[in-house]
Amino acid sequence: MTVLHAPSLTGLVADVVPFSWVDGPGNRYTVFLQGCNLNCLACHNPHTIPRLTRRARTVTVRELVDDVARLAPFLAGVTTSGGEATQQPEFVAAFFAALGEQPATAALTRFIDSNGMTDDATWDLLLPVTDGVMLDVKAVDPERHRRLTGSTNERVLASLDRLHAAGRLAQLRLLVVPGFNDSPDELRRTGAYLTAHAPGVPVQLTGSRPHGVRSTARRIPEPTGAQRQAYAALVAESVPAELLTVV
């Protein structure tokens, strides 16, 4: 039995949202996997970062697919998020493959929300059963990325190139954190980089918010609507306006 045909394979899940409108196109069943390989300062799900926690639960591929099938008439697709979905690639691959094989769920699109901190071998496993990836780009400057996440961004940018070449890059997600990656120079550079490396891919710009973050991040001010629009104007010097959304 290969990993793509393993209904008894287990994964560590932080939570499941049966109906979500913010985790990809349409109404989606979203699985938040436990464990992340970044330690982002402004993470909105910090409880999903550690791999070992009493809050997480172990589920099988079959259990998740059965739950999705029950709700399938009301869904457009399924998204795996986190944490970081690519930290459990065998489980995600088996889950997506099983969804594609079941008549009740085969029509649902399968998306991954990822930080991109993974390698080609992981994408080799996931891309054949994945319809699209929403990629978080914290910063194109490696030092700013390190300040925000604890790691440099070489793998993230390599994933961006790989996903775009494979035609699986569904959306680029840019979280703007005041005082870290919101300078005019950084935002212009970011827009230019995204346009050069992923032309035609939609970009979602989000201002950092204090909801759900750890206590050390609550001191970061939330950008106003006017500030978010100013950020977008700088990115839009390179990214076409029709591809850019601000939330």
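# A chat about a predicted model

Reader: Where does Thr58 sit?
Author: Thr58 lies in strand β3, which covers residues 57-60, and it is worth keeping in mind from the start that this is a predicted model.

Reader: Is Thr58 buried or exposed?
Author: Thr58 counts as exposed, because its relative accessible area is 53% and the cut-off for exposed is over 50%.

Reader: And what is Thr58 in contact with, if I skip its neighbours within four places in sequence?
Author: Setting those neighbours aside, Thr58 is in contact with Thr10, Gly11, Leu12 and Glu63. Gly24, by comparison, is 34 residues from Thr58 along the chain, and the C-alpha atoms of the two are separated by 24 Å.

Reader: New topic, the helices. How far apart are the end C-alpha atoms of α6, and what should the span be?
Author: Helix α6 has 14 residues, 184-197, and at 1.5 Å a residue these should span 20 Å; the end C-alpha atoms are 20 Å apart, so the two values agree.

Reader: Which residues of α6 are buried?
Author: The buried residues of α6 are Glu186, Leu187, Thr190, Gly191 and Leu194. Seen down the helix axis, these buried residues fall within an arc of 135°, and therefore they line one face of α6.

Reader: Why would residues three or four places apart point the same way?
Author: They do so because an α-helix has 3.6 residues a turn.

Reader: What do the buried residues of α6 pack against?
Author: They pack against three helices, namely α4 (142-149), α5 (154-165) and α7 (225-235), and also against strands β7 (169-176) and β8 (203-207).

Reader: Okay, and which residues are buried in α7?
Author: In α7 the buried residues are Arg228, Tyr231, Ala232, Leu234 and Val235. Around the axis they cover an arc of only 160°, which means that they are on the same side of α7. The buried residues of α7 pack against α6, and also against β7, β8 and β9 (244-246).

Reader: Where is Pro178, and is it buried or exposed?
Author: Pro178 is in the loop between β7 and α6, and it counts as buried because its relative accessibility is 13%, where the cut-off for buried is under 20%.

Reader: What is Pro178 in contact with, beyond its neighbours within four places in sequence?
Author: Beyond those, Pro178 is in contact with Ser208, Ile220, Pro221, Pro223 and Tyr231. Pro221 is 43 residues from Pro178 along the chain, yet the C-alpha atoms of the two are separated by 6.7 Å.

Reader: Let's go to the pockets. What volume does the largest pocket have?
Author: The largest pocket has a volume of about 1100 Å³. Its lining has 41 residues, and those closest to the centre are His44, Asn45, Asp113, Asp136 and Arg173. Strands β1 (10-20), β5 (109-114), β7 and β8 are the elements that each give two or more residues to this lining.

Reader: How does that lining divide into nonpolar, polar and charged?
Author: The lining of the largest pocket divides into 19 nonpolar residues, 13 polar and nine charged.

Reader: And how many cavities of 30 Å³ or more are there?
Author: The count comes to one cavity of 30 Å³ or more, and the largest cavity has a volume of about 50 Å³. Among the residues that line the largest cavity are Ser208, Ile220 and Pro221, and its lining divides into six nonpolar, one polar and two charged residues.

Reader: Last one: which peptide bond is cis?
Author: The peptide bond from Gly82 to Gly83 is cis, with omega near 15°, and Gly83 is found in the loop between β4 (77-81) and α2 (89-101). In general, most peptide bonds are trans.

Technical notes:
Residues are numbered from 1 along each chain as its sequence is written. This is a predicted model: local features need pLDDT of at least 70, side-chain atom pairs count only at pLDDT 80 or more; totals for chains, interfaces and linings use all residues. Side-chain values use heavy atoms; hydrogens and water are left out. Helices (H or I, at least four residues) and strands (E, at least two) are DSSP runs, numbered from the N terminus. The expected span of a helix is 1.5 Å times one less than its number of residues. Buried means under 20% relative accessible area, exposed over 50%, partly exposed in between (1.4 Å probe, protein chains only). The arc is that of the directions from the helix axis to the C-beta atoms. Contact means heavy atoms within 4.5 Å. On a 1 Å grid over the protein atoms alone, a cavity is a set of points where a 1.4 Å probe fits but cannot get out, and a pocket is an open set with protein on both sides within 12 Å along at least five of seven lines; lining residues have an atom within 4 Å of a point. Grid points are joined across faces, edges and corners, and a volume is the space filled by probe spheres set on the points. Ala, Val, Leu, Ile, Met, Phe, Trp, Tyr, Cys and Pro count as nonpolar, Asp, Glu, Lys and Arg as charged, and the others, Gly among them, as polar.
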